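Biologist: I'm new to this one. Could you walk me through how to read it?

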Amino acid sequence: MPLQPSETILQKSEQTRAVLANLLAAFVSGDRERLIACYGDDVDWLFMAPASVFPFAGRRHGKAEVGKGFSALFENYRIISYQTEAMLADGDWASTLADGQFLQKDTGRTIRIRTGNFYRFNNGLVVQYRGITDSLDIVEQVIGRELDF
């Protein structure tokens, strides 16, 4: 790939940052339709956590599957707070570090989750996503006890 002038990279980074800010605002507000509109049709999406405990987690391919995942998330949890602590954008790539609190609707428990999120964009849409978290910690919060090893 040929090097681009730094102004072009800066402009692309600012576009990426604006699209990501819109995506995060849609997520926090629970606006599933606006959120799904931020993803490309063939998005490759992976949130690394056990899908047996978190039905929205795991690997999903395509906008429709990602939409099902967000539907499962919003059916089972209500977002209490979600703070993006850091956001970096470089051309079509972006990452965030976030801290969220979610109400587990079935139990009434408040679950705190810290995530690292990595996005790749093409034409203003997310085409690849990877999310990581301390899944052992959040599993223990969901089941309401520490696991014995």
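Modeller: We'll go from the sheet to the helices and then to a single residue. Keep in mind that this is a predicted model.

Biologist: Let's start with the sheet. In what order do the strands lie?

Modeller: Follow the neighbours across the sheet instead of along the chain. Here six strands make an open sheet with mixed pairing, in the order β2-β1-β6-β5-β4-β3. At the edges sit β2 (58-61) and β3 (77-90), each of which pairs on one side only. On average, neighbouring strands are turned by 15 degrees against each other, direction ignored.

Biologist: And how many bridges join β1 to β2?

Modeller: Four bridges do, and β1 (residues 39-48) and β2 run antiparallel. For one pair you can look up, D44 has H61 in β2 as its bridge partner.

Biologist: Which strands does helix α3 touch?

Modeller: Helix α3 (residues 63-76) packs on the sheet and touches β1, β2, β3 and β4 (93-104). Its direction makes about 50 degrees with that of β1. Helix α4 (residues 135-143) packs on the sheet too, touching β1, β3, β4, β5 (110-122) and β6 (125-133). The direction of α4 makes about 135 degrees with that of β5.

Biologist: Now the single residue. Is N117 buried or exposed?

Modeller: Check the relative accessible area against the cut-off: buried means under 20%. N117 is at 3%, so it counts as buried. You'll find N117 in strand β5.

Biologist: What does the side chain of N117 join up with?

Modeller: There's a polar contact of 2.6 Å between the side chains of N117 and Y129. Looking beyond four places away in sequence, N117 also touches other residues, including Y82, A94 and G131.

Terms used: Residues numbered from 1 in each chain as written. Predicted model: local features only at pLDDT ≥ 70, side-chain atom pairs only at ≥ 80, totals over all residues. Heavy atoms only, no water. Pairing = 2+ DSSP bridges. Helix = DSSP H or I, 4+ residues; strand = E, 2+ residues; numbered from the N terminus. Axes fitted to C-alpha atoms, helices over the stretch in contact; angles between N-to-C directions. Contact = heavy atoms within 4.5 Å. Buried < 20%, exposed > 50% of the residue type's maximum accessible area, 1.4 Å probe, protein only. Polar contact = N/O pair within 3.5 Å; in protein donor to acceptor, adjacent residues only side chain to side chain.
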